[in-house]
Amino acid sequence: MALYRAHVLVCKGTGCTASGSGSVYDALKEELERRGLDKEVMLVETGCHGMCEMGPIVVVYPEGSFYCRVTPEDVPELVEEHLYKGRVLQRLLYTTPDEEKHRIPHYRDIPFYGKQRRIVLRNCGYINPDNIEEYIARDGYQALARALLEFSPEETLDIVKRSGLRGRGGAGFPTGKKWEFARMAPGDKKYIVCNADEGDPGAFMDRSVLEGDPHSVVEGMLIGAYVIGSDEGYIYCRAEYPLAIKRLVTAIQQAEEMGLIGDNIMGTDFSFHLHIKEGAGAFVCGEETALMASIEGKRGMPNPRPPFPANSGLWGKPTNINNVETWANIPQIILNGAEWFSSVGTETSKGTKIFALTGKVNNTGLVEAPMGMSLREVIFDIGGGIPNGKKFKAVQLGGPSGGCLPESMLDTPVDYESINATGAIMGSGGMVVTDEDTCIVDFAKFFLTFVQNESCGKCPFCRIGTRRMLEILERICEGKGKMEDLDLLEDLAQKVKDGSLCALGGTAPNPVLTTLKYFRDEYVAHTVDKKCPAKVCPALIQYTIDPAKCIGCTKCARQCPVNAISGEIKKPHLIDQDTCIKCGQCMAVCPVKAISVE
Amino acid sequence: MTVQTTDVEGKVKAIIEPWKGKKGGLIPILQGVQHEFGFLQEDAMEIISRELRIPTAEVYGVATFYAQFHLKPRGRHIIRICRGTACHVRGSLKILERVKEILKIEENGTTEDLRFTLEPVACLGACGLAPVVMINDVTYGRLTPDGIKPILDKHE
């Protein structure tokens, strides 16, 4: 085997690819060859590092230098300096977002990574996901070997139960218990399903795991199948994730070639076959009964439970469904033991949780934090706080059906029980941060629009109730709301929760309920004062030109898409309020800041 | 769009063939047919119904349930504007409005010359780069309303 003195890792996750990591990779390849370094420096494509904001990311080992926003134009200098002369290229290093602008030379010293605990994401960004040997070199498939050769299915189940692992898809049901139900269910044909229908806007951890370390999910599923006594499985992946599907196809093919998937795995009598099912674009299919209907080729509508999938799931057979992140935890638990896993986290929530930290925060990306860390630590220590000196306003936890929490709740630890107590949910782990420029009523309206669109229409309260709630919110945003509307919203919200079959309807009103609870003032400002404090809702704001400041440059008038601005050159301009659509473009182009919004 | 009937029939049957006698084939077949023709024609759905021996209503029901399936021809370039939470917070609505203004079409509309179809989507999973727009298979991140026109101009 050839030896290399340095490794250059280029992130080929979705985020970095969108920022142009493909051409950076090509440029590196060409430059290394041109300088004759290609025999001593190895170029590796990896999965996601989690810090997508800084992409394209290039990491050079052995130093562990973390280069951000690398462009193909930077490549000759990078190769010349770092790989030829052996000097770290300072100007591309990660720089702290505070005033001091420290350049941080080592990957592990970046605060974003320092406080994380990477169990599920341990391989993401380190290995080439298209090469099974790299996964094996990082102890891959050893957990499967131990389970098959050293432990009985009962013993393996016992480890998972004792680890305290709970489902990472949202509800937090104990994984071991779920497996036990499927194991105990009578029947000779059983199915294993991986829920990779990550539909929550603002969450992309499953995508990154599938793209960066697909074998960890495959191995987890194999172990689950061994425990439950299943010989066939499906990965249901949303079609919006083409790269994840491609990596999975490769992973399964390589595992089959090595005899890790197929008949008589590792010489035992355990056999397992794995298929990929592409979703077709329906949020509700993340719900397990809807997901199974979709695999069967039907409309993805939820069914009442019981019967639970553990007894009657796919094609009426006992079925066990877990989410991507849950499956990816399994090999590590088997390998390191239940005690190792349960030593991380809190009393009731063990291990880590991956959060997709996005919105108005300095370091957006994927964060794997030990359970029990406070929201404040995640947002301010790992996330680096709010950009542009703005003030924190709210954090939306758990996707569109989660809840909005204010500053006063930031010391809440992230574990299932504590988060639920606030009215939000852990959900899949979406964490969207907003600052003072976000209107809370508009934000709640946004989420409700989403769930209203995605409601499958089976339960009337979810189908019609959310629509009525949305109409009330629209009224409030237009300044036509009444105080009674707030009570009506609360009343309807409770009824939608009670009258819906699945979690989509059951949690849909959460954003409205939590914002009413924590940000009632803003609702009152919209309804009584007819003001939008964040200056977002078009009906409640007005753009005006200060005649004292306006220099009559005509920039705003030329920019205005509806010709609402009039005035002569070098004389103060005027906005016609009846024509103005409040797009704010005039304010953005004004060179002397003469335009304000009230 | 005129396609020879025999042509459609042969192609659709070829897509169905590997799924005959297997379970759960309807969605992959519809995906295959749409991939081949760009949208789901009525006669294609009738062929599927006949071949799989299921009611046409069921085929139609599945085709209309999922956002991915289209019953009308679409543009040469598909613009997917992410309307997920992270993108919303970072101003994706203004980008959507700008595209509507430039192309003079509404959400899910297609330009008359079949150049573009505009589809707002729930989340593209590239939240770290918000706001994000995907045109065909290429993702554009950290966009501004002014940045969108030059990107559209690149697509004929």
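Here is a short chat about a predicted model, covering its cysteines and its second largest pocket.

Biologist: How do you know that the count of disulfides over all chains is what it is, and what is that count?

Modeller: The count comes to zero over all chains, because a disulfide needs a pair of cysteine sulfur atoms within 2.5 Å.

Biologist: Okay, why is A:Cys456 not bonded to A:Cys502?

Modeller: The closest cysteine sulfur to that of A:Cys456 is the one in A:Cys502, and at 6.5 Å it's too far for a bond.

Biologist: And A:Cys537, what is its nearest cysteine sulfur?

Modeller: That of A:Cys439, 3.7 Å away. The cut-off is 2.5 Å, so A:Cys537 is in no disulfide either.

Biologist: What makes A:Cys456 buried or exposed?

Modeller: Buried means under 20% relative accessible area. A:Cys456 has 18%, so buried it is. A:Cys537 has 2%, so that one gets the label buried too.

Biologist: Switching to the second largest pocket, how much space lies in there, and which residues are closest to its centre?

Modeller: About 1,200 Å³. Of the 45 lining residues, A:Gly169, A:Gly170, A:Ala171, A:Gly286 and A:Ala503 are the closest to the centre.

Biologist: Which element gives the largest share of that lining?

Modeller: β10(A), with five residues. In chain A, α8 (175-184), β10 (319-323), α16 (416-422) and α20 (503-507) each supply at least two.

Biologist: How do the lining residues divide into nonpolar, polar and charged?

Modeller: There are 16 nonpolar, 19 polar and ten charged. Gly counts as polar and Ala as nonpolar, so among the residues closest to the centre, A:Gly286 goes with the polar set and A:Ala503 with the nonpolar one.

How values were computed:
Residues are numbered from 1 along each chain as its sequence is written. Chains are lettered from A and ligands numbered from 1 in the order in which they are written. This is a predicted model: local features need pLDDT of at least 70, side-chain atom pairs count only at pLDDT 80 or more; totals for chains, interfaces and linings use all residues. Side-chain values use heavy atoms; hydrogens and water are left out. On a 1 Å grid over the protein atoms alone, a cavity is a set of points where a 1.4 Å probe fits but cannot get out, and a pocket is an open set with protein on both sides within 12 Å along at least five of seven lines; lining residues have an atom within 4 Å of a point. Grid points are joined across faces, edges and corners, and a volume is the space filled by probe spheres set on the points. Helices (H or I, at least four residues) and strands (E, at least two) are DSSP runs, numbered from the N terminus. Buried means under 20% relative accessible area, exposed over 50%, partly exposed in between (1.4 Å probe, protein chains only).
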